[in-house]
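Let's walk through this one together, a piece at a time. Keep the viewer open and follow along.

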Protein chains: 2
Amino acid sequence: MAVKDKDLKGLTVKKAEDFSEWYTQLIQKAELIEYSPVSGCYILRPNAYHIWEKVQAYFDGLIKADGVKNCYFPLFIPESLLIKEKKHVEGFAPEVAWVDYGGDTKLGERLAVRPTSETIMYDAYAKWIRSHKDLPLRLNQWNNVVRWEFKHCTPFLRSREFLWQEGHTAFATQKEAHREMYTILDFYEKVFSELYAVPILKGRKSEAEKFAGAEITLSVESFLPNGKAIQGATSHHLGQNFAKAFDIKFVDQNQKEQYAWQNSWGISTRSIGVMILMHSDDKGLVLPPKVAITQAVIVPILFDATRDVVLKEAAAIVKKLEKKDIAVHLDDRDDYSPGWKFNEWEMKGIPLRIELGPKDIEKKQAVVVRRDTGEKKFISLDKLEMEIPTLLETMQKDLYVKALQLLKSSIVMVSTMKEAEKELLAEKLIFAPWCGTPKCEEEFKEKTGAKSLNSPFEQPLLKKDQKCFACGGKAAVWFYFGKSY
Amino acid sequence: MAVKDKDLKGLTVKKAEDFSEWYTQLIQKAELIEYSPVSGCYILRPNAYHIWEKVQAYFDGLIKADGVKNCYFPLFIPESLLIKEKKHVEGFAPEVAWVDYGGDTKLGERLAVRPTSETIMYDAYAKWIRSHKDLPLRLNQWNNVVRWEFKHCTPFLRSREFLWQEGHTAFATQKEAHREMYTILDFYEKVFSELYAVPILKGRKSEAEKFAGAEITLSVESFLPNGKAIQGATSHHLGQNFAKAFDIKFVDQNQKEQYAWQNSWGISTRSIGVMILMHSDDKGLVLPPKVAITQAVIVPILFDATRDVVLKEAAAIVKKLEKKDIAVHLDDRDDYSPGWKFNEWEMKGIPLRIELGPKDIEKKQAVVVRRDTGEKKFISLDKLEMEIPTLLETMQKDLYVKALQLLKSSIVMVSTMKEAEKELLAEKLIFAPWCGTPKCEEEFKEKTGAKSLNSPFEQPLLKKDQKCFACGGKAAVWFYFGKSY
């Protein structure tokens, strides 16, 4: 399974031909992932973890400015606590990893490795919340969770352990909780659009697809070049379901006892997989500049006679670009040819390559190559520090626009099952008037292998007696459907 | 066990009288810790987690500038992997939490919840390292680990799950590995001295106290006001022990195959406990300004007639201080008296309190009170933005100096067991010529309840036939000993 750096020889399949094998090779050859001895658990190598650090810094800034505070709750949840909210435990119990022993001692009660932290957090919230003055309570944690998936695991996209943030909040009124649920969804949209350069569809999940224990689940969904949709992050309104199960009550301003209104929300390392699948190509990874650990790599063309002058100029460029806050790397390794280096940095997705040889120096220029388009530009040395930041910004935007075009051109409005099946076969994402019932959803899923994604907040008008595209019942809402991960 | 904010009534015991009960009350009333339903696992509330975020940002900056990269390895380690290095597994097996089930399915091989990640990381290192060009490999992860302690657990100091960073590095030469081991120890010293304002003793651990599987363990040790020493962080040189167990080999520049030289090093949330125990007092927490979530709190003295003018001035002060990068909070709550607020912020350890009433405004001044000394200062309003940052710096230094005086005045050189026992009873830290043998250490431990801490790198001269203070054998090294956590 493992791929050695030294064997780096490019991808042996094309994205358009074998998406799955292309991805498996890519994440290893770009040194993002290493397989571990535990099936379904993957090693995030520095190239991958750096992307997560960028997401953490960005999203953490957004929520802290909005008043959320970070904390840390235990990894282990006693079984008796996990089962307190009935629908919640039904959703999670089948995939919980259980700890039975500490050393040689069998534990009195087995402990769940957290699949999510609602239950252990809300047990504490019940102690902390007494009065309306204790509200809102808005906490977040960055941690690892475990869901023992039995379906086919795939690095980033479906793994038994993953990293995420989970926000858990309590409010005095449902209105405040609703407002926050939308605010957080907007933050997730920003992570995708601003950092990952991935456009998303924002909307509300169906009854069947919402979070176990939630009243409302909102999601951001992306659409990949292989015709599959993928959920990016979710923001849930829990109503008072957990407050009632965990007895989270407060005395309001009129001295009346009330249950708190709650939300929970999360984005995980799965989102990195979405970004990789969206932008990368047959040469390897393509990284949006804003998440790239190295934004520009300088590859000097070295000959004995001109070696010193080229390296000196390269070092000067490094200095200039660092002053502009560009993450730049000079690849001055002796034992690799420029061509080998070009391939390696393309595989690793570095946004810009700066080639610099003795002839370039004579002409007082450098050759700058964009990773996404392959476009070559000759830029005079004294303009590099101005043009490189601009080029990076342009590339960031262009990646987004390209993905947006894919998304837009893939959405097809349909009103019958026949049309729906045809468009799904053509790898489209369908938008249809739907009844919204779990029974209809189940039948649709069985028939097509596709599922409901979400329904946008701004809805087209439904005709007065518009029928559900799938079951012919009364349509209630416009909804997105697609084959999906 | 849990303490409600509303019941905040100060600590009912004094630090000097009942250190343990004082600590238990303090960490709850200052809202650092909440007990969880899992014995030995604690909730880090935002006031505590913020301190950890400061440590993370600071230490992460140091190691990244030194060339270390962050990554993430799986939480679970298959039993067959954990037992590969014999001494290592002997050290950890008694306190491993074991996962047996995924959902209803019994696992083929049980999985350890990582107590530390040497084994799972070095399994991957063996795949990645082939040539001297792959070295050095210097990775770090920030994560949670579990050690199922059966001794008395205490929040921060000894918990079954804790947060830490673990650095794991591999080098072509032992010399490079040694150099890094000392560099990292210096970084840990900086965390303690610069952030926590806690002076430490740097040195090498004894044979009996070194890390399971290490050749050399270096540590930083602090000395607390209750006469107990506590280990703060460790930096290990693993020699080639793990490289041989995991087959981490590389081809050197002469085409010869060699085993890699390795280090591992870590600092955990235990260090937060050290800081709390060191500085805090009978009024509650005392936070060094550099780790305080709020560095200055403004408590306005509000009367109906002058309310607006006082709040307006307070808001102006907030703006001015924020411009100077001071984390300032205006406590304008109506339903608490100024006195109540003073007590609350003292309990929470906020370094500076700024009192502002109508009379102060007439005199164009504010009253500024230092948390550590209680010292009051009248500062004219137009000088606040100059003097507050200076006061915070002074306080940071003073806390360090005070703790350093305690440490210096607590070290006593002894050369006989009789002296040693006398000084340990007097809550001193002893410094003695020692033979260094595990047998002598074991006997000393049994007799006194104290243990060896470390031996400083700069050693006093040993007399030619200096005897071991404990067993009377030949002394080999000067060593620190003390009662300890």
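Start with an open sheet in chain B: its 4 strands come in the order β20-β21-β23-β22, and the pairing is mixed. Remember as you look that this is a predicted model. The edges of the sheet are taken by β20 (411-413) and β22 (451-452) of chain B; each has a single partner strand, so one side of each is left without a neighbour in the sheet. Further in, strand β21 (residues 429-434) of chain B and strand β23 (residues 477-482) of chain B run antiparallel and are joined by 5 bridges. To get the register, find B:Trp434, which stands opposite B:Val477 in β23(B).

Now zoom out to where the two chains meet. The contact draws on 62 residues from chain B and 62 residues from chain A. How much area is buried between chain B and chain A? It comes to about 5100 Å², with carbon and sulfur atoms giving 63% of it. Quoting lost accessible area like this is a common way to give the size of an interface.

On the polar side of things, the rule finds 25 residue pairs in polar contact across the interface of chain B and chain A, counting pairs with both residues at pLDDT 80 or more. Which element of chain B gives the most to the side that touches chain A? That's strand β5 (residues 97-102) of chain B, with 6 residues. Sorted by class, the side of chain B that touches chain A has 38 nonpolar, 6 polar and 18 charged residues.

Some charged side chains pair up across the boundary too: there are 6 salt bridges between chain B and chain A by the rule. One of them links A:Glu34 to B:Lys127, with the closest N and O atoms 3.8 Å apart.

Strand β5 deserves a second look. Strand β5 (residues 97-102) of chain A is joined to β5(B) by 5 bridges, and the two run antiparallel. Within that pairing, A:Ala97 stands opposite B:Gly102 in β5(B).

How are the two copies related? A turn of 180 degrees and a shift of 0.0 Å along the axis lay chain B on chain A with an RMSD of 0.0 Å. That is the relation of a two-fold axis. In chain B, the C-alpha nearest the axis belongs to B:Val99, 2.2 Å from it. What's more, 100% of the interface residues of chain B are also interface residues in chain A, so the copies meet through the same surface.

Back to charges, this time over the whole structure, which holds 68 salt bridges over all chains. Take A:Asp334 and A:Arg307, whose side chains meet at 2.8 Å, N to O. A:Asp334 sits in the loop between β16 (328-330) and α10 (338-347) of chain A, while A:Arg307 is in helix α9 (residues 307-323) of chain A, so the pair ties together parts 27 residues apart in sequence.

Finally, some backbone oddities. Most residues other than glycine have a negative phi, and most peptide bonds are trans. Against that background, the peptide bond from A:Leu135 to A:Pro136 is cis, with omega near -5 degrees. A:Pro136 lies in the loop between α5 (118-128) and β7 (137-146) of chain A. In chain B, a cis peptide bond joins B:Leu135 and B:Pro136, with omega about -5 degrees. A:Glu31 isn't a glycine, yet has a positive phi of about 60 degrees; look for A:Glu31 in the loop between α1 (19-29) and β1 (33-35) of chain A.

How values were computed
Residues are numbered from 1 along each chain as its sequence is written. Chains are lettered from A and ligands numbered from 1 in the order in which they are written. This is a predicted model: local features need pLDDT of at least 70, side-chain atom pairs count only at pLDDT 80 or more; totals for chains, interfaces and linings use all residues. Side-chain values use heavy atoms; hydrogens and water are left out. Contact means heavy atoms within 4.5 Å. Buried area is the accessible area (1.4 Å probe) that two parts lose on being put together, summed over both. A salt bridge is a side-chain nitrogen of Lys or Arg within 4 Å of a carboxyl oxygen of Asp or Glu. A polar contact is a pair of N or O atoms within 3.5 Å; within protein, one must be able to donate a hydrogen and the other to accept it, and residues adjacent in sequence count only if both atoms are side-chain atoms. Ala, Val, Leu, Ile, Met, Phe, Trp, Tyr, Cys and Pro count as nonpolar, Asp, Glu, Lys and Arg as charged, and the others, Gly among them, as polar. Two strands pair if DSSP finds at least two bridges between them. Copies are superposed by least squares on the C-alpha atoms of residues with pLDDT of at least 70 in both.
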